[in-house]
Amino acid sequence: MPVKRLFVTGTDTGIGKSVASAALLHALRREGGTAVGMKPVASGCEPHADGWRNEDALLLQAASVPRPEYADVNPFALPEPLAPELAAASAGVTLALDPIRTAFARLQAQAECVVVEGVGGWSAPLSATLDQVDLVRALGLPVVLVVGLRLGCINHARLTQQAIEASGTRLVGWIANGIDPAMACADENFAILHRYMNAPCWGRLPHAAVLEPALLGGFLRIPG
């Protein structure tokens, strides 16, 4: 198993962090060993018989081997599809690190690698007093950046990389995700991204009309 823990962030919201995270889980298992996913905070949940459930967190749970308990995958399931601070306030919930650390420890005990997906872009706060970088530091996570290939992605990728590096955390790789099948000069933009990113590219995911993380995992190569 090439890595033991990862934090997946993105250049923005809606650029396919969950798809990339699920694909990463399959790619990691292809390298040998077990891997489970985690989305500590998820806003926009639907009621189920067992409680609130988030589509992205369920995707990570389904891509995990062994299959963890949902409460460990997603300790904070917030009903409203809002920024975490607003969704937590609406639900009367206080977001804190301790429940996340406890769930992460249980996941670590089950698998050789844990892939933790963040919310929105890198600088999206979790609460008025808690930034995502606090979570990354608390869990000791290296960072993988998902770059959504669309107009403006070079600027967004460079700014996000600068913010990650300025925070003192470690960017270990980036993944390009083809979210816009009609993007002009996508290959040329991808080549320019290679020039400016200070970490290796782990792969380029094609636009997928039907989501199949197991197949998408074949497009990723994780350095040793």
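In this text, Ala, Val, Leu, Ile, Met, Phe, Trp, Tyr, Cys and Pro count as nonpolar, Asp, Glu, Lys and Arg count as charged, and the others, Gly among them, count as polar. We will use these classes when we come to the hollow spaces of the structure. Keep in mind throughout that what you see is a predicted model.

Let's begin with the chain as a whole. Its C-alpha atoms fill a box of roughly 45 × 35 × 35 Å along the principal axes. For 224 residues, a compact globule would have a radius of gyration near 17 Å, and the chain has 16 Å, so the two values agree. Along the chain you can find 9 helices and 10 strands.

Now look for the sheet. In what order do its 6 strands stand? Going across, you meet β2-β7-β1-β8-β9-β10, paired in parallel to form an open sheet. The edges belong to β2 (35–38) and β10 (201–205); each has a single partner strand, so one side of each is left without a neighbour in the sheet. On average, neighbouring strands here are turned by 20° against each other, direction ignored.

For one pairing in detail, pick out β1 (residues 5–10) and β8 (residues 143–148), which run in the parallel sense and share 4 bridges. Thr9, for example, has Leu145 in β8 as its bridge partner. Helices pack on this sheet too. Helix α1 (residues 17–30) touches β1, β2, β7 (113–117), β8, β9 (171–177) and β10, and its direction makes about 175° with that of β7. Helix α7 (residues 153–166) touches β1, β8 and β9, and here the angle with the direction of β8 is about 165°.

Next come the spaces. The largest pocket has a volume of about 580 Å³. Which residues lie nearest its centre? They are Gly14, Gly16, Lys17, Ser18 and Asp56, out of a lining of 32 residues. Helix α1, which we met on the sheet, supplies at least two residues of this lining, as do β3 (41–43) and α2 (55–63). By class, the lining of the largest pocket divides into 16 nonpolar, 11 polar and 5 charged residues.

There is also a closed space to find: the structure holds 1 cavity of 30 Å³ or more. About 40 Å³ of space lies in the largest cavity. Around the largest cavity you will see Phe7, Pro40, Val41, Glu117, Gly118, Val119, Leu126, Gln132 and Leu135. Sorted with the classes from the start, this lining has 6 nonpolar, 2 polar and 1 charged residues.

Finally, two details of the backbone deserve a look. Most residues other than glycine have a negative phi, and most peptide bonds are trans. Where does this chain depart from that pattern? The peptide bond from Val65 to Pro66 is cis, with omega near 0°, and Pro66 sits in the loop between α2 and α3 (70–73). Cys185 is not a glycine, yet its phi is positive, at about 55°. You can find Cys185 in the loop between β9 and α8 (186–196).

Notes
Residues are numbered from 1 along each chain as its sequence is written. This is a predicted model: local features need pLDDT of at least 70, side-chain atom pairs count only at pLDDT 80 or more; totals for chains, interfaces and linings use all residues. Side-chain values use heavy atoms; hydrogens and water are left out. On a 1 Å grid over the protein atoms alone, a cavity is a set of points where a 1.4 Å probe fits but cannot get out, and a pocket is an open set with protein on both sides within 12 Å along at least five of seven lines; lining residues have an atom within 4 Å of a point. Grid points are joined across faces, edges and corners, and a volume is the space filled by probe spheres set on the points. Two strands pair if DSSP finds at least two bridges between them. Axes are lines fitted to C-alpha atoms, for helices over the stretch in contact, and angles run from 0 to 180 degrees between N-to-C directions. Contact means heavy atoms within 4.5 Å. The radius of gyration is taken over C-alpha atoms; the globule rule is 2.2 Å times the number of residues to the power 0.38.
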